[in-house]
Each structure stands twice: as C-alpha cells, then as structure tokens.
Amino acid sequence: MERSIVTPSFTFISSPARILFGCGSRARLAEEIGRLGRSRALVLATPFQKTEAETLASSLGPLAAGVFAGATMHTPVDITLQAMAAFEAHGADCVISLGGGSTIGLGKAIARRTGTDQIVIATTYAGSEVTNILGETENGIKTTVRGPDILPETVIYDPELTCGLPVAMSVTSGLNAMAHAVEALYAQDRNPITTMMALEGIRALYKALPAIVVAADDITARSQALYGSWLCGSVLGMVSMALHHKLCHTIGGSFDMPHAETHAVLLPHTTAYTERGAADLLKPVADLFAAPTAGIGLYDFAAGLGAPLSLARLGFAESDIDRAAELATLNPYYNPRPIEPEGIKTLIRKAWEGTRPD
Ligand code: NAD
C-alpha cells in the first residue's frame, strides 16, 4: 500500500537559527556579531584553514579576540579544553566557526559548556551547522548529545568560500548531505515539511555535484550545492535517523574510518536494504535518478561522480565485517525494514566489495 506524504498527525518544530545565504554574505559577519550583542569573537578553524581564519580575524579588527586553529575530526574533549582555555585567555564572548563539521563541532562543544553564541561560516556540505547535535570523543568513545545551546545562532552560507573545497571532498561531503535527506524521507517522526525539504535538498545536490566535478569553481553549482546541504542538514536536525546513520556511526567511530567517505560508500547499500520496507517513500528518489530503485540510482550517481564505492578502498578490513555487523545490531532501533543480523552482515559485505545493489 502506498503511504501518503501527509502523515495522519505530526509535530513540526521550526529551527530558530538565522540563515544568511549568498555570495559575499561573509561581509555581514561584523553586523551579525553586533546583532547578537557581542564584541569579542574567537575564530575557530582546523590547522588546514588557519590562514583563512587569520585573514577573517584581521578583517574583523577589534571584534576578533583571537584565533584557535586546532579543531579536529570527532571533537576530542582534550582539544575542546584547550580551545576553552584560549576562549578565556582572550576574553572572548562568542565563537565564529569557519569550516566544516570538525570546526563546527568544536564551536558547539564550547557553547554547550559556556552557553556562548556561535556564528558558523559553513564551508563543507556536512550540515552540522543547522543541527542541535554534538558528537564528542573521550577515551576513544564517541557519544552524541542534543541540546538547545548546541544549535548555532547564526549560519552564513557564502558559496564563494566553498570553491576551494577539493572536488573529491565536495563529492563525498555532498553525498553525506544527501544521506541525511534520504533517511529523513522514511524517518518515523517525519512530517510533510521535512519530506519537502529533504526532496528539495536531494534535487539540488543531484544537479550541483556533477557540475562541480566538471568545474570546481562553477559558482552557480556551488550555490546550489550549499543550498541543498542546508536543507539536508536541517532535516537531520529535525527528525530521527535510522540504519544508515547508525551504521556510519559504528563503522566510523569503532573502526576509525573517514566520515564523509564512509557515508558515501554506505548510502546506496543502506538505502537498498531499507527500500524493501519503504519503497513507496523512496520512490521519488528512484524517479529523480531515473533508476529502478533508489539504492541503484544512488550507486550509479556516486560512481558517475568518481566517489569511492567500497569500504575496502577506504581501508576497512574484511575481517572486521562480522564485528561491525554485531556492533550495528546490538541495540534495537527503528528502521522501516527491521534490522536483521544476517541482512546487515550481507549489506556490509556488499559495501566492502563495492558491488552495485540488487
Ligand atoms: P571536516 O570539517 O573534518 O573538514 C575536512 C577538511 O577539509 C578539514 O581539513 C577542513 O579544514 C577542510 N575544509 C573544509 N572546508 C574547506 C574548504 N571550503 N576548502 C578547503 N578545505 C576545506 O569535514 P566534514 O565532513 O565537514 O565534518 C566531519 C565531522 O563533522 C565529523 O566529526 C562528523 O561526525 C561531524 N558532523 C557532525 C554533524 C552534527 O550534526 N553533529 C553533522 C555532520 C557531520
């Protein structure tokens, strides 16, 4: 039976974040600091984006209290403590996170502990800037928390700042964003608005990513990809995720695999698995890709973009397949097609081999 997009009853909570979108929107940063009633911002970045963070800080003059360019993947608590010491030493009263999920995670970790305001200038498509979710690592264990202080107050999306994101990273980061939207389509707590946003986000990335592969500085495609990533990130923050995110969390966290690439490889396989319990909800994705199923459509799309297709290529050991399946099925959780240990093991093996879903 085909399910209606309009679920019989639902709850919709709109995100209170303020979004500034458009080429050159970074020029409005000083105005935004003032709008929040702040005057001394600590600029955060990864070591790789340190120069850009310093340039940004100089452009702010006295509104910038300093730069901390030590952000790293998975938000380790010891780095957060170093950044908080810098926050206090510089007498900062807000943070500006310039970068992707790693830098945004650090800003969120500081805000969670201090209640400070965050302005994010997002430069990847991962979507963390519009969620109230923080994943932190301590003693090798990654835990995820949600909370009102975690959601950044203001997000600046300036497509010009994404032209330097290498094509390979743009592709995997874009597929990471699509994964949020695909899972939102069959989320237990979805609603008509999240479905609309998810489909629009997938459509925007479907158009933009092939154009970025052809020309990394195609500003129209960069704008479209960033628009899509905003929508996909927004739905990640609004509804619950299921098998795909659980598996990425397990494989990424327990086996130290790269975040966006792991999402990119697993998405066609988790979609193909779940499609057997949600073919109607995923049909718009299959239709968009003009494919027999959404799983096949996503696989062929990723292959056409030159994305990594197998966990083996990412360095995942064949001998870890059973353990990963065991970890991913430890706690029962909602998925439209129930989580069956043998089925999950087969899914991970297919992703490890990189074979096209059936
Ligand atoms: P990232 O932030 O780790 O960035 C990867 C590298 O690319 C970094 O060196 C960064 O400095 C560089 N980079 C970023 N933008 C660039 C640009 N425009 N040009 C050149 N280089 C650029 O990558 P990511 O995939 O955005 O984030 C991954 C992290 O985010 C993971 O830890 C993941 O768990 C987290 N995440 C969290 C959420 C959430 O809602 N909490 C959502 C998505 C991802």
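**Entry 1: the ligand**

I began with Thr 124, where a polar side-chain atom lies 2.7 Å from an oxygen atom of the ligand. I note at the outset that the model is a predicted one. I then looked up Thr 131 and found one of its polar side-chain atoms 2.7 Å from a ligand oxygen atom. For Thr 46, I read a distance of 2.5 Å between an N or O atom of the side chain and an oxygen atom of the ligand. I also recorded that the ligand, taken alone, exposes 860 Å², of which the protein buries 85%.

I next asked how many residues surround the ligand. I found 23, and the closest are Thr 46, Ser 102, Thr 123, Thr 124 and Thr 131. Which helix gives the most to this shell? I identified helix H4, residues 101-114, which contributes 3 residues.

**Entry 2: the sheet**

I traced an open sheet of 6 strands with parallel pairing, in the order S1-S8-S5-S4-S2-S3. I noted that strand S1 (18-21) and strand S3 (64-68) stand at the edges; each has a single partner strand, so one side of each lacks a neighbour in the sheet. I recorded an average twist of 20° from one strand to the next.

As general background, I reminded myself that strands of a sheet pair through backbone hydrogen bonds, in either a parallel or an antiparallel manner. I then examined one pair in detail: strand S2 (residues 41-44) and strand S4 (residues 94-99) are joined in the parallel sense over 4 bridges. Within this pair, I found that Val 43 has Ile 96 of S4 as its bridge partner. I also saw that helix H3 (residues 77-89) packs on the sheet and touches S2, S3 and S4. The direction of helix H3 makes about 155° with that of S3.

**Entry 3: Ser 229**

I located Ser 229 in helix H7, residues 219-238. Is Ser 229 buried or exposed? I entered it as buried, because its relative accessible area is 0%. Setting aside neighbours within four places in sequence, I listed its contacts as Thr 124, Tyr 125, Gly 127, Ala 177 and Leu 205.

**Entry 4: Asn 335**

I placed Asn 335 in the loop between helix H11 (321-328) and helix H12 (341-353). I counted Asn 335 as buried, because its relative accessibility of 6% is under the 20% cut-off. I found a polar atom of its side chain 3.2 Å from the backbone nitrogen of Leu 243. I also noted a polar contact of 3.2 Å between the side chains of Asn 335 and Thr 274. Beyond neighbours within four places in sequence, the residues in contact with Asn 335 include Glu 183, Tyr 186 and Ala 242.

Definitions and conventions. Residues are numbered from 1 along each chain as its sequence is written. This is a predicted model: local features need pLDDT of at least 70, side-chain atom pairs count only at pLDDT 80 or more; totals for chains, interfaces and linings use all residues. Side-chain values use heavy atoms; hydrogens and water are left out. Two strands pair if DSSP finds at least two bridges between them. Helices (H or I, at least four residues) and strands (E, at least two) are DSSP runs, numbered from the N terminus. Axes are lines fitted to C-alpha atoms, for helices over the stretch in contact, and angles run from 0 to 180 degrees between N-to-C directions. Contact means heavy atoms within 4.5 Å. Buried means under 20% relative accessible area, exposed over 50%, partly exposed in between (1.4 Å probe, protein chains only). A residue is near a molecule or strand if one of its heavy atoms lies within 4 Å of it. A polar contact is a pair of N or O atoms within 3.5 Å; within protein, one must be able to donate a hydrogen and the other to accept it, and residues adjacent in sequence count only if both atoms are side-chain atoms. Accessible areas come from the Shrake-Rupley method with a 1.4 Å probe; for residues, only the protein chains shown count as cover.
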